[in-house]
Number of protein chains: 2
Amino acid sequence: MQKHQEVIRERKKREKDQRIQGILAAAKKVFFSKGYLRTTMDEIAFEAEISKPTIYQYFRTKDELYSALMLPFLEEFGSQFEKIEKKLDARRYTNGKALVKDFFRAFLKSYEVSPDSLRVANSFFQQSDLINELNADSRLTISTRGKYDFELARDLLEKAMDQGLLRKMSSYALSDIIWGLLLGITQVMDMKATRLTNTDKYLRTTLAEAEKLLASAIVPR
Amino acid sequence: MQKHQEVIRERKKREKDQRIQGILAAAKKVFFSKGYLRTTMDEIAFEAEISKPTIYQYFRTKDELYSALMLPFLEEFGSQFEKIEKKLDARRYTNGKALVKDFFRAFLKSYEVSPDSLRVANSFFQQSDLINELNADSRLTISTRGKYDFELARDLLEKAMDQGLLRKMSSYALSDIIWGLLLGITQVMDMKATRLTNTDKYLRTTLAEAEKLLASAIVPR
DNA sequence: TCATATTATTTACTGTCAGTAGTTATTTTA
DNA sequence: TAAAATAACTACTGACAGTAAATAATATGA
């Protein structure tokens, strides 16, 4: 029976996905509470209620597991950008300020969807070792996805310049500046987080200020 | 004989310093060529031509040794800022653009003094794994120094606003934005570093562009 | 429905490395 | 020149990432 096998294969896939999700959830919990270095694979296994080698069936290394956690953020980010691009293609922006606003909003929204993913991403970039220690595959996944977001953003900016919404300049440089600004600010906030009580609100107002500054610099008068 | 002992004590201190410098030099070489995770204390010891326990006589942990490497960067940064502050106090800035330029130059110069130190600093500024694993003493040293630089920068901006060199706005927000921008951009560059050949030059031009943008946004017309 | 094949999971291990205990060598003191 | 103090070393321990080999669970097919 052809169909029966297929059904079983699908159920197996579902179960496999569930296992993976379970591992990811456990990993997230432990990594996020203890940090990368202090987290042991044994503890993640304990939290996921499975044995350690089972984790290794699904993730080749500790780093690969760690890096898998930041994919949701990158994906959310990409889909936000795709929306902006559509709006841009439909010529629905009448001025650059609105575009800049959407850009920042996209970032903030992705941050809201999974704030810890961003933090994971941050510590990832900061511990520049980690990315280098990844095996080729997962580095490719991460960097492919990251690259896609990166290029989408740059593409967006270029289009906006063509439409006269933004001042003409190197889209590469501008894109790097904006990314740097966004990532950097969240990091500075994180670093203050121990001292500060209402980080989230402060992040928001600082980002709003940054948005204003950026708009005043890149929107033609 | 009082004086004789003193001379000997001084020579001992010198020798101790030399040993420490030797360890630091070896550590720098290995850490920066292999990254934190891939570096072993045995290898540092080998490079420093001593045994491993000797390192532990001077540095309590691997992290403490690692963190000691970033102090020069923080200090260089601070001293650059102090120069700017003196210039500001002497009313030697005629416009905000020159101040912004000096600000960026200070950053770039510190980066040049020890580019890898900045990367180290990045991971420490934030409450990363590493800083939590430090013993209390060295954590205090690092974070005190970092905080000092931070506050000096904010102070600088405030003074500049008072002198009408910069537009009036929250010096806290602006300081966070600028730090975020600088740290973020270097990180974005790091991320690209694997793909890019001439990172250093690209960092420079991107920072120059960021400087222009920032100046046009915060210098009153 | 039972033997066989396949896949998932586990127990029990290995190798590496940060950090240390206890010993030996070197220098200072008196 | 013997005793005290300091500095460095050899040889270890414990923790942990990752794995080999065994076992359990599930699917297949007569």
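Okay, a definition before anything else: I call a residue buried if 20 or more other C-beta atoms lie within 10 Å of its own, with the C-beta atoms placed from the backbone. With that cut-off, 41% of the 221 residues of chain A count as buried. And keep in mind as we go that this is a predicted model.

Let me stay with chain A for a moment. Its secondary structure is quick to describe: eleven helices and zero strands. How far along the sequence do its contacts reach? Take the contacts between residues at least 6 apart in sequence, and 68% of them join residues at least 24 apart.

Now, confidence. Chain A has an average pLDDT of 81, and 79% of its residues score at least 70. Where is chain A at its best and at its worst? The high end is H2(A), at 96, and the low end is helix H8, residues 128-133 of chain A, with a mean of 47. Residues 124-136 of chain A stay under 50 throughout, and for that stretch the model has 31 contacts beyond four places in sequence.

Right, on to the DNA. Start with strand C. It has 20 residues around it, and the closest are Ser51(A), Pro53(A), Thr40(B), Met41(B) and Lys62(B). So both chains are in that list. Which elements supply at least two residues each? From chain A you get helix H1 (2-34) and helix H3 (52-58), and from chain B helix H1 (2-34), helix H2 (41-48) and helix H3 (52-58). H3(A) gives the most, with four residues. By class, that surface divides into six nonpolar, seven polar and seven charged residues.

Then strand D. Here we have 19 residues, and those that come nearest are Thr40(A), Lys62(A), Ser51(B), Pro53(B) and Thr54(B). The elements giving two or more residues are H1, helix H2 (41-47) and H3 from chain A, plus H1 and H3 from chain B. On this strand the largest share, four residues, comes from H3(B). The classes come out as six nonpolar, six polar and seven charged.

Since H2(B) turned up next to strand C, let's look at that helix itself. Which of its residues are buried? Ile44(B), Ala45(B) and Ala48(B) are. Looking down the axis of H2(B), the buried residues fall within an arc of 100°, so they line one face of the helix. Just after H2(B) comes Glu49(B), which takes a positive phi of about 60°.

While we're on positive phi, there are two more to flag. Arg91(A) has a phi near 55°, positive in a residue other than glycine. You'll find Arg91(A) in the loop between helix H5 (71-89) and helix H6 (96-113) of chain A. Buried or exposed? Arg91(A) counts as exposed, because it has 8 C-beta neighbours inside 10 Å. In chain B, Arg91(B) also has a positive phi, near 55°, and sits in the loop between helix H5 (71-89) and helix H6 (96-113) of that chain. Arg91(B) has 9 C-beta neighbours inside 10 Å, so it counts as exposed.

Next, the core. In soluble globular proteins, nonpolar side chains tend to be buried together. Here, the largest nonpolar core has 93 residues, and the members touching the most others are Ala27(A), Phe103(A), Ile177(A), Ile185(A) and Ile177(B). Helix H10, residues 171-192 of chain A, provides the largest share of this core, eleven residues. Apart from it lies another core, of 14 residues, including Val30(B), Tyr36(B), Tyr66(B) and Ala68(B).

What does Ile177(A) touch? Setting aside neighbours within four places in sequence, Ile177(A) is in contact with Ile185(B), Thr206(B), Glu209(B), Ala210(B) and Leu213(B). Those partners carry the chain letter B.

Last stop: two charged residues. Asp149(B) is in helix H9, residues 136-162 of chain B. Asp149(B) counts as buried, because it has 24 C-beta neighbours inside 10 Å. Not counting residues up to four places away, Asp149(B) touches Leu74(B), Phe77(B), Gly78(B) and Phe81(B). Take Phe77(B) from that group: Asp149(B) and Phe77(B) are 72 residues apart in sequence, but 7.2 Å apart C-alpha to C-alpha.

The other one is Arg204(A), in helix H11, residues 199-218 of chain A. With 14 other C-beta atoms within 10 Å, Arg204(A) is partly exposed. Okay, that's my tour.

Key:
Residues numbered from 1 in each chain as written. Chains lettered and ligands numbered in written order. Predicted model: local features only at pLDDT ≥ 70, side-chain atom pairs only at ≥ 80, totals over all residues. Near = placed C-beta within 6 Å. Nonpolar A, V, L, I, M, F, W, Y, C, P; charged D, E, K, R; others polar. Buried ≥ 20, exposed ≤ 12 C-beta atoms within 10 Å, placed from the backbone. Arc of directions from axis to C-beta. Contact = placed C-beta atoms within 7 Å. pLDDT = per-residue confidence, 0-100. Core = buried A, V, L, I, M, F, W, Y, C linked by C-beta atoms within 7 Å.
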